[in-house]
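Subject: Handover of a structure and findings

Dear colleague,

Please find below the structure that I am handing over to you. I would be grateful if you could read the notes that follow alongside it.

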Amino acid sequence: MNRRRRHVLRVVFSPSIMSLLAIGMLACPVSADDMWTRHVIHEGEATYVAIAADFTGDGRPDVISHSGGKTRLFVAPEWSEHIIDETPGYGFIHGETFDVDGDGDPDFIGARYMPGLIVWLERPDDPTAGPWTARIVDDQLNGIHGVLIGDVDQDGKLDLLANSAQPAGPHPNSAAWLKVPPEPRRAERWMRFIFADQDAPGLSHYLGFGDVNGDGRPDIALAAKGGEEDPLGLGEWFAWWEAPNDPRLPFKKHRLPGRHPGATNIQQADLNGDGKVDFLASCGHGRGLVWFESPSWEVHEINTDLLAPHCLQVVDLDGDGDIDAATCAYESEVVAWFENDGRGGFTTHVIGQNQAAYDIRAIDMDGDGDLDLLIAGQNSNNVVWYENPHSSPVRSKAN
């Protein structure tokens with residue numbers, strides 16, 4: 001049995017935040033081997049999206065972010081900066097990456113909230129030389145607050161999921177998946193299929209992807225924040241959409257129990273090891289994280305203290321075979337991961353302070369076999385990554 005000493009990490013907040021936090025938040029248990037090292041990639045501008053992939057082909061993850069009207073490529077390991085696009089008005093707040101044109105290298109996809117716009121930037125032969133060619137993916141969705149990649153129609157090729165959260169425009173209160181056309185360099189737009197047809201009101205946010213009911217078809221999840229910008233009170237929910245036989249048709253909506261002010265993120269995973277798919281969710285415009293236990297969708301609290309945990313990753317962070325989670329709460333300015341005991345019991349570990357985030361990604365940044373955390377900080381005006389101290393099982397055996 002691996003016995004680890006527990007220590008108290010004292011977290012210092014401003015008086016306005018301090019009054020809102022419970023004592024439990026100030027005494028989050030942190031193990032001696034849980035000290036994550038913070039690495040700065042970029043500072044000086046509010047950043048809403050940062051993604052990582054090997055854009056230069058040297059075997060190391062590089063980073064693309066967007067801030068100050070510029071899309072930047074930071075080349076590892078020194079993080080030299082290269083402007084790959086500075087088209088006025090793009091204002092990307094979300095992004096993804098995959099090989100759009102099938103030429104063997106990753107491209108970048110950026111999304112603007114309103115008026116809605118999705119653009120893909122083609123990685124050139126020399127990714128550091130001049131601007132990347134920009135092409136429109138879609139300009140009919142409006143209120144794009146999340147993009148995600150996944151093979152929706154199971155043809156072996158990645159598709160792009162995006163929401164259309166605004167109650168105005170050609171597809172109000174909706175969400176869609178977009179299929180790469182046969183010749184993406186020549187296509188005017190990608191093929192669009194509305195899976196949530198005007199049944200996602202209340203300002204939806206991020207998407208989750210994966211088979212929920214075990215029928216072999218990937219389903220899609222969404223959250224809607226509600227609040228003052230939702231005068232009709234149609235938000236504050238988590239829900240999932242069940243895929244039909246033909247994914248080009250609208251999916252069937254299933255709302256999860258309860259009202260959840262500020263709901264933003266929801267992802268599918270088996271959290272208690274019973275072979276059934278559960279949901280883990282965060283209230284990024286509210287407070288805390290919860291999980292929903294299949295099949296009755298009983299709600300379990302994970303953390304009730306973090307304010308504005310807007311971003312979320314649901315992955316195995318400590319290499320023990322079960323699914324953990326991570327977030328960076330932009331009002332609390334705390335980076336935390338949530339250790340799963342394998343049965344759906346979560347322990348909060350604070351690994352960073354004075355750091356805000358709009359976006360977080362789990363990726364092996366240093367090639368040591370475990371997942372690190374890449375963060376785009378909007379209020380903290382930076383892009384940073386936190387180095388995971390946990391060794392992967394394969395690496396541990398090798399050592």
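The notes below cover pockets, strand pairing and aromatic contacts. Please bear in mind that this is a predicted model.

Pockets

The largest pocket has a volume of about 580 Å³. Its lining comprises 27 residues, and those closest to the centre are E96, L148, Q267, Q313 and R361. Seen by secondary structure, at least two lining residues come from each of β4 (49-53), β8 (94-98), β12 (147-150), β16 (204-210), β20 (265-269), β24 (313-315) and β28 (359-363). The largest share is that of β28, with five residues. In terms of residue class, the lining of the largest pocket contains 15 nonpolar, nine polar and three charged residues.

The second largest pocket has a volume of about 220 Å³. Here 14 residues form the lining, and V100, K157, V180, P181 and P182 lie nearest the centre. The lining of this second largest pocket has seven nonpolar residues, one polar residue and six charged residues.

Strand pairing

As general background, strands of a sheet pair through backbone hydrogen bonds, in either a parallel or an antiparallel manner.

One open sheet consists of four strands in the order β8-β9-β10-β11, with antiparallel pairing. The edges are occupied by β8 and β11 (133-138); each has a single partner strand, so one side of each is left without a neighbour in the sheet. From one strand to the next, the twist averages 25°. Within this sheet, β9 (residues 107-112) and β10 (residues 117-122) run antiparallel and are joined by five bridges. On β10, W120 stands opposite I109. Strand β8 also appears among the strands that supply at least two residues to the lining of the largest pocket.

A further strand that merits attention is β14 (residues 174-179). All six of its six residues are buried, so β14 is largely enclosed by the rest of the structure. Both of its faces are covered: S174, A176 and L178 are buried on one side, and A175, W177 and K179 are buried on the other. Strand β14 has antiparallel partners as follows:

- β13 (residues 159-164) is joined to β14 by five bridges, and A162 has A176 as its bridge partner.
- β15 (residues 191-196) pairs with β14 over five bridges, and K179 has M191 as its bridge partner.

Aromatic contacts

The count of aromatic pairs comes to 13. One of them joins F238 and F292 in an edge-to-face arrangement, at 5.8 Å centre to centre and with 65° between the planes. F238 lies in strand β18 (residues 237-242) and F292 in strand β22 (residues 287-293), so this pair ties together parts that are 54 residues apart in sequence. Both F238 and F292 are buried.

Strand β18 takes part in a second contact through W240. The ring centres of W240 and F279 are 6.5 Å apart and the planes stand at 35°, so the pair is tilted. This pair also links distant parts of the chain, with W240 in β18 and F279 in strand β21 (residues 278-282), 39 residues apart. W240 counts as buried at 6% relative accessibility, and F279 is buried with a relative accessible area of 0%.

Finally, F195, W237, W241 and F251 are linked into a cluster by ring pairs.

Yours sincerely

How values were computed: Residues are numbered from 1 along each chain as its sequence is written. This is a predicted model: local features need pLDDT of at least 70, side-chain atom pairs count only at pLDDT 80 or more; totals for chains, interfaces and linings use all residues. Side-chain values use heavy atoms; hydrogens and water are left out. On a 1 Å grid over the protein atoms alone, a cavity is a set of points where a 1.4 Å probe fits but cannot get out, and a pocket is an open set with protein on both sides within 12 Å along at least five of seven lines; lining residues have an atom within 4 Å of a point. Grid points are joined across faces, edges and corners, and a volume is the space filled by probe spheres set on the points. Ala, Val, Leu, Ile, Met, Phe, Trp, Tyr, Cys and Pro count as nonpolar, Asp, Glu, Lys and Arg as charged, and the others, Gly among them, as polar. Two strands pair if DSSP finds at least two bridges between them. Axes are lines fitted to C-alpha atoms, for helices over the stretch in contact, and angles run from 0 to 180 degrees between N-to-C directions. Rings of Phe, Tyr and Trp (its six-membered ring) pair if their centres lie within 6.5 Å; planes under 30 degrees apart count as stacked, over 60 as edge-to-face and the rest as tilted. Buried means under 20% relative accessible area, exposed over 50%, partly exposed in between (1.4 Å probe, protein chains only).
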